[in-house]
Amino acid sequence: MLPERSKEVARALRSVGVPGEIREMSGSTRTAADAAATLGCEIGAIVASLVFLSADQPVLVLASGRHRVDTRWLAEQLGWAPLEQAKPERVRRVTGQAIGGVAPLGHPEPLPTLVDGALADYPRVWAAGGTPRTVFPTTHDELVRVTGGRSLPVVDERE
């Protein structure tokens, strides 16, 4: 039986036609490294769901686990105010989910979303399912579609 937060994410997935099933894992999926070890996949195939603030407005960044988001570079590319990591209580307030389990959707209100283009390097990626122990399979293109997000690099790939 899935936790209530994961059931909410499952409903949100079904509402946008995503067949991926949320799985509750026996090991932790709180960090990208934990999730990759538990799932037996490359760290880059893990979707890190990170909430940042730009001019105090929340933004969801879905990054490949192989990247550390370059917030300065990303804000410059978008012409946005600087990006700052949201504090845990703000993350929970805007997503309804705790850090380490933030899903790409199923939030009280949709968030502007950026999807790391590097996730397209993998035929299947794993995103959090609303708790630190739940995940679901998806793809880069599906993440862009279901979140209404924008695909772009989250790091300066020229370096």
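In this predicted model, Thr131 lies in the loop that links β6 (125-128) to β7 (134-138). Despite its place in a loop, Thr131 is buried, with a relative accessible area of 13%; the cut-off for a buried residue is under 20%. Leaving aside residues up to four places away in sequence, Thr131 touches Pro3, Arg5, Ser6, Gly100 and Gly101.

The two strands on either side of this loop pair with each other in the antiparallel sense, over four bridges. Within this pairing, Ala127 stands opposite Phe136 of β7. Both strands belong to an open, antiparallel sheet of three strands, ordered β1-β7-β6. The edges of this sheet are taken by β1 (23-24) and β6, each of which has a single partner strand, so one side of each is left without a neighbour in the sheet.

A parallel arrangement is found around β5. Strands of a sheet pair through backbone hydrogen bonds, either parallel or antiparallel. Here β5 pairs with β3 in the parallel sense over three bridges, and the pairing of β5 with β8 is likewise parallel, over three bridges. On the β3 side, Val61 has Leu114 of β5 as its bridge partner; on the β8 side, Asp116 is matched with Leu152.

The side chains of β5 are worth a closer look. In a regular strand the side chains alternate between the two faces of the sheet. In β5, Thr113 and Val115 point one way, while Leu114 and Asp116 point the other way, and all are buried.

Helix α3 (residues 71-78) brings this part of the model together with its surroundings. Its buried residues are Trp73, Leu74, Ala75 and Leu78. An α-helix has 3.6 residues a turn, so residues three or four places apart point the same way. The cover over the buried residues of α3 includes β3 (57-64), β4 (83-85), β5 (113-116) and β8 (150-152). Thus β5 and both of the strands named above as its parallel partners are among the elements that cover the helix. After α3 comes Gly79, with a positive phi near 70°.

Positive phi values also turn up at two residues that are not glycines. Ala55, in the loop between β2 (47-54) and β3, has a phi of about 55°, and Asp56, in the loop between β2 and β3 as well, has a phi of about 70°. Ala55 counts as exposed, at 56% relative accessibility, whereas Asp56 is partly exposed, with a relative accessible area of 47%.

Turning to the chain as a whole, the protein has five helices and eight strands, which follow one another from the N terminus as α-β-α-β-β-α-β-α-β-β-β-α-β. The C-alpha trace spans about 45 × 30 × 25 Å along its principal axes. For 159 residues, a compact globule would have a radius of gyration near 15 Å, and the 14 Å found for this chain agrees with that. Of these residues, 51% count as buried. Among contacts with a separation of 6 or more, 64% join residues 24 or more positions apart.

The accessible surface of the chain comes to about 8,000 Å², and carbon and sulfur atoms make up 50% of that area. The chain carries 18 positive and 19 negative charges, whose mean positions are 6 Å apart.

Key:
Residues are numbered from 1 along each chain as its sequence is written. This is a predicted model: local features need pLDDT of at least 70, side-chain atom pairs count only at pLDDT 80 or more; totals for chains, interfaces and linings use all residues. Side-chain values use heavy atoms; hydrogens and water are left out. The radius of gyration is taken over C-alpha atoms; the globule rule is 2.2 Å times the number of residues to the power 0.38. Buried means under 20% relative accessible area, exposed over 50%, partly exposed in between (1.4 Å probe, protein chains only). Contact means heavy atoms within 4.5 Å. Accessible areas come from the Shrake-Rupley method with a 1.4 Å probe; for residues, only the protein chains shown count as cover. Lys and Arg count as positive and Asp and Glu as negative; His and the chain ends are not counted. The place of a charge is taken as NZ of Lys, CZ of Arg, CG of Asp or CD of Glu. Two strands pair if DSSP finds at least two bridges between them.
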